[in-house]
Amino acid sequence: MRAVGTVLLLVVLATAVATGARRWRVPAPSLLVLAGLAVALIPGAPALHIAPETIGLVVLPPLLYASAEELSLRDLRAVWRPVTVLAFGLVLASAATVGLLSAALTPLPGSMALVLGAVLASTDPVAVSALGRRLALPGRVQVLVQAESLFNDATSLVLFRVAVTIAVASGAVGWQAAGGQFLLLAGGGCAIGAAVAGAVALIRRRTTDPVLETVIALVTPYGAYVLAESAHTSGVTAVVVAGVLLGRSGHRLSDARIRLQLHAVYAVVVFLLESVVFSIIGLELPMLVKELPSGSGLWPLQALALAAVLIGLRVIWMLPLSAAVRPTGGRPSWRVASVVAWAGTRGVMPLAAALSIPLATDDGQRLDGRPLVLVLTTAVVVFTLVVQGLSLAPLVTRSGLALAPEHTAREEADARAAIARAGLSHLDQLTDLESIPDHVLDRVRRGLEARLRHADEPDDTAGTDVLAAYRDVRREVIAVQSDELHRLYDDHRISDTTLRQLQRDLDLEETGLGGR
């Protein structure tokens, strides 16, 4: 019961913090970590110990799946080379560098230093995706950061599994066997993820019930993860592959009504899971520090050194790759390199991996260094989420990479005009067929022509004002209609079924207005 109360408290705290983050326009993960730290430092705060499988099984699959579904395959094709170099080369280089530095600066044995390197080698797709959307980065820069964070998570966790196997086996695993395990985990995860995506696509094409569609969407990441882990492959890789493939074909698998519901449900689920897990990161650090053995008092300096090395190595790798994501190509740009490098925050994935480290070796001996690995991992995660997360927006602003609001508005207006013209062209074909009443066609045509006039307005500001006024008036009319609908229900003139159906139609119409 106490654990349930703690989780409910975290949800309430996270909701308040997220509300403040939106108002102050700062990253919610950064504030959530700080809030968790503040709560943990309150005298008498309850100790919080999270089981590794709780984060690995309950939290990670839907968060990874939601991030993977948002990935643009069109833009990914343009930057697949730098993504590959970062997702494999930078992960391996980061793991090796952190491992060597940890062995030199900390009392960790060599095998556990390698485990720490594998844990900290990946960036966090959850925080990275949220930051990129809020900062309006150019398409190629955004997809580079997002795709790299997804695929390097899969790479680093596969490397982590190999490193843990070496650690618990007391070094008895050879590098050739480790390489074979790496290929088995990654290849098997990709195959299972693709198979799950194919099966889910077949099922969703034959499903029209919104409730069933929602259940399928929620179960898909868990199914991919559990199947892959049961087959002793990478569950993370399976979830990422399934999410990318299904995200590409999602608009063909369901109608608009179901898509609206799925988006709303997933938004709630992702918000709750993100809020709780980022708060847990802040709560865990003070309690993990208390469990450190004697002689570990230098952990803050060691964590700072590891974070600095990770950022510096990322900058070095990004500079020659930045030319691939410039809109016009050309020489490497310090602006792109600095933004993409600074966006590489650590987060949920390293924490989940560190918590899953076994307590003992295969021969029953206590696994030395596990508490220090947990503390260093959590400290680096907190540092990157707070320092990099809070300073990324000013850096993007100073770099000039963020898309101007006028650019986004013009692009949206051009797209609205194009789809309105396509609709009018189709209406002309229907008119020639004479199979639909003229008054129906005229009503649809007037709506499309009005949207086309708004989109083609030469004065963008005036066009925006007219469109905003139209939306405001339409919302007022819908509000009046809703009030009248409920008055009819209160007067017992319509049934509850009619009330719900007509209210849902009004809600869909209001949602379709957009603009908010």
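**Reasoning behind the labels**

Colleague: Why is Ser149 called buried?
Modeller: Its relative accessible area is 0%. The cut-off for buried is under 20%, so Ser149 counts as buried. The model is a predicted one, and the value is computed from it.

Colleague: Where is Ser149 found, and how far is its C-alpha atom from that of Thr123?
Modeller: Ser149 belongs to helix H8. Its C-alpha atom and that of Thr123 are separated by 5.3 Å, although the two residues are 26 apart along the chain.

Colleague: What makes Ser30 buried, and what is it in contact with?
Modeller: Ser30 has a relative accessible area of 1%. That falls under the 20% limit, and therefore Ser30 is buried. The residue lies in helix H2, residues 28–40. Setting aside neighbours within four places in sequence, Ser30 has Leu385, Val386, Gly389 and Leu390 in contact with it.

Colleague: Why is Leu502 called partly exposed?
Modeller: The relative accessible area of Leu502 is 39%. Buried would need under 20% and exposed over 50%, so Leu502 is placed in between, as partly exposed. Leu502 sits in helix H20, residues 496–513. From C-alpha to C-alpha, Leu502 is 7.9 Å from Leu485, with their positions 17 residues apart in sequence.

Colleague: How do you know that His232 and His492 are exposed?
Modeller: His232 has a relative accessible area of 60% and His492 has 74%. Exposed means over 50%, so His232 qualifies, and so does His492. His232 is in the loop between helices H10 (210–230) and H11 (235–253). His492 is in the loop between helix H19 (460–490) and H20.

Colleague: What is the phi of each of these histidines?
Modeller: For His232 phi is near 60°, a positive value in a residue other than glycine. For His492 phi is likewise near 60° and positive. Most residues other than glycine have a negative phi.

Colleague: What makes helix H6 mostly covered?
Modeller: H6 spans residues 110–120, and eight of its 11 residues are buried. The buried ones are Met112, Ala113, Val115, Leu116, Gly117, Ala118, Val119 and Leu120. Over the protein chain, buried residues make up 47% of the 516 residues.

Colleague: Which residues have the most contacts inside the largest nonpolar core?
Modeller: Ile55 and Val115, in a core of 120 residues. Helix H8 (residues 139–168) gives the most to this core, namely 17 residues. Another core, of eight residues, lies apart from it and includes Ala417, Ala420, Leu430 and Leu448.

Colleague: Why are H5 and H13 called roughly antiparallel?
Modeller: The axes of H5 (residues 80–105) and H13 (residues 299–321) cross at roughly 150° and come within 10 Å. Angles over 145 degrees count as roughly antiparallel, so the pair takes that name. The crossing of H5 past H13 is right-handed. Where they meet, H5 contributes residues including Pro82, Gly89, Ser94 and Leu105, and H13 contributes residues including Gln302, Arg314, Trp317 and Leu321. The residues of this contact comprise 16 nonpolar, five polar and one charged.

Colleague: How do you know that H14 is roughly antiparallel to H16?
Modeller: The axes of H14 (residues 334–342) and H16 (residues 370–399) cross at roughly 160° and come within 9 Å. This angle is judged against the same kind of limit, over 145 degrees, and H14 is therefore roughly antiparallel to H16. H14 passes H16 in a left-handed crossing. Arg335, Ser338, Val339, Ala341 and Trp342 in H14 meet Val387, Gln388, Ser391, Leu392, Leu395, Val396 and Ser399 in H16. By class, that contact has seven nonpolar, four polar and one charged residues.

Colleague: How many helices and strands does the protein chain have, and what share of its contacts join residues at least 24 apart?
Modeller: There are 20 helices and zero strands. Among contacts between residues at least 6 apart in sequence, 80% join residues at least 24 apart.

Technical notes:
Residues are numbered from 1 along each chain as its sequence is written. This is a predicted model: local features need pLDDT of at least 70, side-chain atom pairs count only at pLDDT 80 or more; totals for chains, interfaces and linings use all residues. Side-chain values use heavy atoms; hydrogens and water are left out. Axes are lines fitted to C-alpha atoms, for helices over the stretch in contact, and angles run from 0 to 180 degrees between N-to-C directions. Helices (H or I, at least four residues) and strands (E, at least two) are DSSP runs, numbered from the N terminus. Angles under 35 degrees count as roughly parallel, over 145 as roughly antiparallel, 65 to 115 as roughly perpendicular and the rest as oblique. A crossing is left-handed if the near helix is turned anticlockwise from the far one by less than a right angle, and right-handed if clockwise. Contact means heavy atoms within 4.5 Å. Ala, Val, Leu, Ile, Met, Phe, Trp, Tyr, Cys and Pro count as nonpolar, Asp, Glu, Lys and Arg as charged, and the others, Gly among them, as polar. A nonpolar core is a set of buried Ala, Val, Leu, Ile, Met, Phe, Trp, Tyr and Cys residues joined through side-chain atoms within 4.5 Å. Buried means under 20% relative accessible area, exposed over 50%, partly exposed in between (1.4 Å probe, protein chains only).
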